[in-house]
Amino acid sequence: MTATIFVGEREYFPAISAIPYEGRESDNPLAFKFYDRNKMVGGKSMQEHLRFSACYWHTFCAKGSDPFGVDTQVFPWDSASDSMAAARDRMDAAFEFFTKLGVPYYCFHDRDMAPEGRSVAESEKNLSVLVSLAAERQQATGMKLLWGTANLFGHPRYMNGGATNPDFTVVTHAAAQVKAALDATVALGGENYVFWGGREGYGSLLNTNTQRETEHLARFLEMSRDYGRSIGFTGTFLIEPKPMEPTKHQYDFDAQTVIGFLRHYGLAGDFKVNVEANHATLAGHSFAHELQMCTDAGLLGSVDANRGDPQNGWDTDQFPTDLYDAVQAMLVILEDGGLKGGGFNFDAKVRRESTDLEDIFIGHIGGMDTFARGLEVAYRLREQSSLGERKQQRYSSFDSGEGARFEQGHLDLAAMRDLAERGGEPLNRSGKQEWYENVINQYL
Ligand code: XUL
Ligand code: CO
């Protein structure tokens, strides 16, 4: 995988070569300290466990602007005035970056890869031209597509929603875009296809029929699934929950909301969940909580790796550096048998103030090292500590006797009442939270 370093007509990062693993003593900012891709952790290499992906949008399309200020980052792939020429340059830069970094996967939105045209047909054509070039670059480098998606939030026509827009004509445009993005994903061998409904929600209940919009969303997803399957897409469709931003309320609020929705509409299985760390914290949850809800339901699809800032109530999309969080996430993922068709996609961006070209490498290196350490620590915790055993032991009263009969559905409420009377007052059993927390620190 990612054997060849890709350099197109022009080298965009001439000062940077393939990022090596140098170990924790290294002071080279452009080297991995912990991510050693071929290192085996319990029968699988780090690369196989973590299935890292870099994203097109933050890294190659965003340039540091925020609601209060214009771009701060000047990128050499942005100089062409023709939008198709700029898209080709961006693609060369992206594949050079992916291969020098050494991630096996990438992700993109239709509009990251190719500019919107003046009509549906022109937009489709633009995308298919760039998809052919991406296919050549994938072939040359061994890079693979973790997922594709359609941007149904940037264009003004989507200001009131994409699939949930109150205007049917807008919904048809959303469908046209998803159809083309599915064609692109299949053409590039994409392993998953993502729906993130940034504008599928509302600003005010006063002007919104939430029931109709939710039904429309389900219908839209069904038709997308049916089209995808009809063109040979065998991967997983993913819904990426987020509670808000840009809408005040987003229908795909959090993992449990999405899981309930998928089950209600018979979409679970074809569709799973793409958990994003910063979206979890915006919903008032932890990253590990969202992963746990998905693995409990058998519906963990993939991960958008990043972090928020505990002092900010918005999606800061920072690179993940919190080891404690990474360990807790990896404990849940290892317990589930590892990521299957999904990966760790860095939906993360360097700060507006990080204006050196090398900063995008440094951000990704830090994120990859964080999860590599998280993986190793979580693996050792599972192998060597009594964490798992103690957690299991907490439920041992359900393993046999009346507790087991309860789990099997053999007891009714009256029988439970009689058992309560017979059993007398239960002993207080300590939850031992502090002990669990201390064990994690001991292994860090
Ligand atoms: C936005 C977000 C998106 C999705 C893809 O918060 O996470 O970039 O990952 O549309
Ligand atoms: Co995301």
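The following exercises, each with a worked solution, concern a predicted model.

**Exercise 1. The metal site**

Determine which residues coordinate the cobalt ion (ligand 2), and state the geometry of the site.

*Solution.*
Step 1. Identify the donors. The cobalt ion (ligand 2) is held by OE atoms of Glu240 and Glu276 and by OD atoms of Asp304 and Asp347, at 1.9 to 2.1 Å.
Step 2. Examine the angles. The site has six donor atoms, and the angles among them run from 79 to 173 degrees.
Step 3. Compare with the ideal. Six octahedral donors ideally give angles of 90 or 180 degrees.
Step 4. Conclude. The site of the cobalt ion (ligand 2) is octahedral.

**Exercise 2. The donors in the sequence**

Describe how the donor residues of the cobalt ion (ligand 2) are spaced in sequence, and explain why Glu276 and Asp304 tie together separate parts of the chain.

*Solution.*
Step 1. Write the spacing. The pattern of donor residues is E-x35-E-x27-D-x42-D.
Step 2. Place the pair. Glu276 belongs to strand S10 (residues 271–276), while Asp304 belongs to strand S11 (residues 300–305); the pair therefore links parts that are 28 residues apart in sequence.
Step 3. Consider accessibility. Glu276 and Asp304 are both buried.

**Exercise 3. The environment of His109**

Decide whether His109 is buried or exposed, and list its contacts beyond its neighbours within four places in sequence.

*Solution.*
Step 1. Locate the residue. His109 is part of strand S4 (residues 105–109).
Step 2. Apply the cut-off. A residue is buried if its relative accessible area is under 20%. His109 has a value of 8%, and it is therefore buried.
Step 3. List the contacts. With those sequence neighbours set aside, His109 touches Trp57, Thr149, Ala150, Asn151 and Phe153.

**Exercise 4. The cavities**

State how many cavities of 30 Å³ or more the structure holds, and characterise the largest and the second largest.

*Solution.*
Step 1. Count. There are four cavities of 30 Å³ or more.
Step 2. Take the largest, with a volume of about 140 Å³. It is lined by 16 residues, of which Leu152, Phe195, Trp196, Gly197 and Glu200 are the closest to its centre. Strand S6 (192–195) and helix H7 (210–230) are the elements that each give two or more residues to this lining.
Step 3. Classify that lining. It comprises 12 nonpolar, two polar and two charged residues.
Step 4. Take the second largest, which encloses about 50 Å³. Among the residues that line it are Phe287, Arg307, Asp322 and Phe371. Helix H11 (323–335) and helix H12 (359–384) each give two or more residues to the lining.
Step 5. Classify the second lining. It has four nonpolar, three polar and three charged residues.

Methods:
Residues are numbered from 1 along each chain as its sequence is written. Chains are lettered from A and ligands numbered from 1 in the order in which they are written. This is a predicted model: local features need pLDDT of at least 70, side-chain atom pairs count only at pLDDT 80 or more; totals for chains, interfaces and linings use all residues. Side-chain values use heavy atoms; hydrogens and water are left out. On a 1 Å grid over the protein atoms alone, a cavity is a set of points where a 1.4 Å probe fits but cannot get out, and a pocket is an open set with protein on both sides within 12 Å along at least five of seven lines; lining residues have an atom within 4 Å of a point. Grid points are joined across faces, edges and corners, and a volume is the space filled by probe spheres set on the points. Helices (H or I, at least four residues) and strands (E, at least two) are DSSP runs, numbered from the N terminus. Ala, Val, Leu, Ile, Met, Phe, Trp, Tyr, Cys and Pro count as nonpolar, Asp, Glu, Lys and Arg as charged, and the others, Gly among them, as polar. Buried means under 20% relative accessible area, exposed over 50%, partly exposed in between (1.4 Å probe, protein chains only). Contact means heavy atoms within 4.5 Å. Donors are N, O and S atoms within 2.8 Å of the metal (3.2 Å for Na, K and Ca); water is not among the atoms, so sites may look incomplete. Four donors count as tetrahedral if all angles lie between 85 and 135 degrees; four count as square planar and six as octahedral if opposite donors are over 155 degrees apart and all others between 65 and 115; anything else is irregular.
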